[in-house]
Amino acid sequence: GGPRRALDLFPGSAMSAPPQGVEPPGREYVVFWLGKATNLHRVDAIARVARGALMCTRPAPVHFLFQDGYLVSLRQELLPVWYNTDSEAEGTPGSQVRLERLLGAEIAAQRGGAEAARGVRCVASRSPPRTAEQWRQCLEQVLVGDAVPSKAATPTPRFDAVLELVESGCPIHFGAPEARGCPRWAADVVGRALVVLGGVMDMEDGQKEALAHVCGGLGVRHRLLSLGRRSELTSKCIKAFEAADDLGLLAPSLLRCQKADWKPQGEAACAEDPDHQAPFHLVVALADSTVADYCAKPEAANLYVDTFLRSKKVNRSTALTLLGADGLALTIPRDVGVCLKEREGTAWLREAAKRTEQLGLHQVLARWCAGLASRGPRGVRQSSPVLLHADSGAPVGGPLG
């Protein structure tokens, strides 16, 4: 084929910013969360979800629906307190520990009557926890907001569509537009959307029923979408959704679903094993940092999780290499069972960074390819690995390969 093109896979970079003067309607997320707001569970996952939604090109508010009846909403205003080095908040800037303390303090204060502050809002349901009425009240709060309509009027929703992410939904196949004039943004196809999905675990049947009930009552279009059959981390689903929209790949996919009348793929077995994965090697070039300095930051531990971990599983055929600005490289050939928590992950990475080698990209890839060949069956010619170059300075669009 023609020349290879570089592709930016990470929302929030300069390349993926929308054209000036073109600002699609905002998107928001609802995540049904396992655990209680009054006793935060899996803050590591909450932090990853918050980063995925709040740090994308167009920051998207994310609403957590906890099982104890609390709706906790996080907005962009949280980031300065969470990340600033001069903040009075405890913990390393941008870390899970700092976020846990910030959320704990804000939730406790607002339960005591304080006003919402620092990008955090906590609202309690008036119904018993884990009931259909609780889920409906929290969902209506997100969909309608604080507007109080007259008793005779139906509340006006803030969204045009609710997109529920489930494995059995209408499959989203990311690809280039099929014709000229195809919509650029997802909002051009579905309007302002609220994306709903499960956090840490799949949504319960009662939660799905409550969502369908609320959408029907408010007259909001309710669509079921699938990002694939492979179980993935909630945060990675959000990042994929945002990155695809930034690159102009989401709108054509939604348009195809619309033409297919949003037909779900159902629960039928896949033709291929959804857990099968071709060998994949992610190489991250650190433009202005050494491997040792990078591995001391929370970002390194989160990159490790994004690379190797899925929902309750690991990517066994994946490798990760960090190329430092000083020419030293660190390759992690497989998941080593590092804990999901940043503190433990950072401690392991700091030790691993002591084993860097003087290697260039060519040497890194040659070593990896040799390892793949040695593990393959004898007498069988191995297909050539494909290199996907992620470059934030590359133009968007056009053929790949």
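Student: In what sense do β11 and strand β12 pair, parallel or antiparallel?

Tutor: Keep in mind that this is a predicted model. Strands of a sheet pair through backbone hydrogen bonds, either parallel or antiparallel. Here β11 and β12 (residues 328-332) share 4 bridges, with Leu320 opposite Ile332 and Thr321 opposite Thr331. Their pairing sense is antiparallel.

Student: Okay, and which residue in the turn of that hairpin has a positive phi?

Tutor: β11 and β12 form a hairpin with 4 residues between them. Look in that turn for a phi of about 90°, and you land on Gly327.

Student: Which strand pairs with β11 in the parallel sense?

Tutor: Look for a partner that shares 6 bridges with β11. One of its residues, Ala285, stands opposite Leu323 in β11. The strand covers residues 280-285, and it's β8.

Student: So what's the order of the strands in the open sheet?

Tutor: There are 4 strands, and their pairing is mixed. β8 and β13 (357-358) each have a single partner strand, so they stand at the edges, with one side of each left without a neighbour in the sheet. Put together, the order is β8-β11-β12-β13.

Student: Which helix packs on the sheet and touches β8, β11, β12 and β13?

Tutor: Helix α10 (residues 298-308) packs on the sheet too, touching β8, β11 and β12. The helix you want spans residues 361-375, and its direction makes about 165° with that of β8. That's α12.

Student: How many of the 6 residues of strand β11 are buried?

Tutor: Thr318, Leu320 and Leu322 point one way from β11, while Ala319, Thr321 and Leu323 point the other way. Residues on both sides are buried. So β11 is largely enclosed by the rest of the structure, and the count of buried residues is 6 of the 6.

Student: How do α1 and α7 lie, roughly parallel or roughly perpendicular?

Tutor: The axes of α1 (residues 43-54) and α7 (residues 234-246) come within 8 Å and cross at roughly 10°. Since angles under 35 degrees count as roughly parallel, α1 and α7 are roughly parallel. Among the residues in contact are Arg48 and Val49 in α1, and Ile238 and Glu242 in α7. By class, that contact has 3 nonpolar, 3 polar and 3 charged residues, and the arrangement is roughly parallel.

Student: Last one: how many disulfides does a search of the whole structure find?

Tutor: A disulfide is a covalent bond between the sulfur atoms of two cysteines. Cys138 is buried, with a relative accessible area of 4%, and the nearest cysteine sulfur, that of Cys122, is 9.8 Å away. A pair would need to be within 2.5 Å. Across the whole structure, the search finds 0.

Conventions:
Residues numbered from 1 in each chain as written. Predicted model: local features only at pLDDT ≥ 70, side-chain atom pairs only at ≥ 80, totals over all residues. Heavy atoms only, no water. Buried < 20%, exposed > 50% of the residue type's maximum accessible area, 1.4 Å probe, protein only. Helix = DSSP H or I, 4+ residues; strand = E, 2+ residues; numbered from the N terminus. Pairing = 2+ DSSP bridges. Axes fitted to C-alpha atoms, helices over the stretch in contact; angles between N-to-C directions. Parallel < 35°, antiparallel > 145°, perpendicular 65-115°, else oblique. Contact = heavy atoms within 4.5 Å. Nonpolar A, V, L, I, M, F, W, Y, C, P; charged D, E, K, R; others polar.
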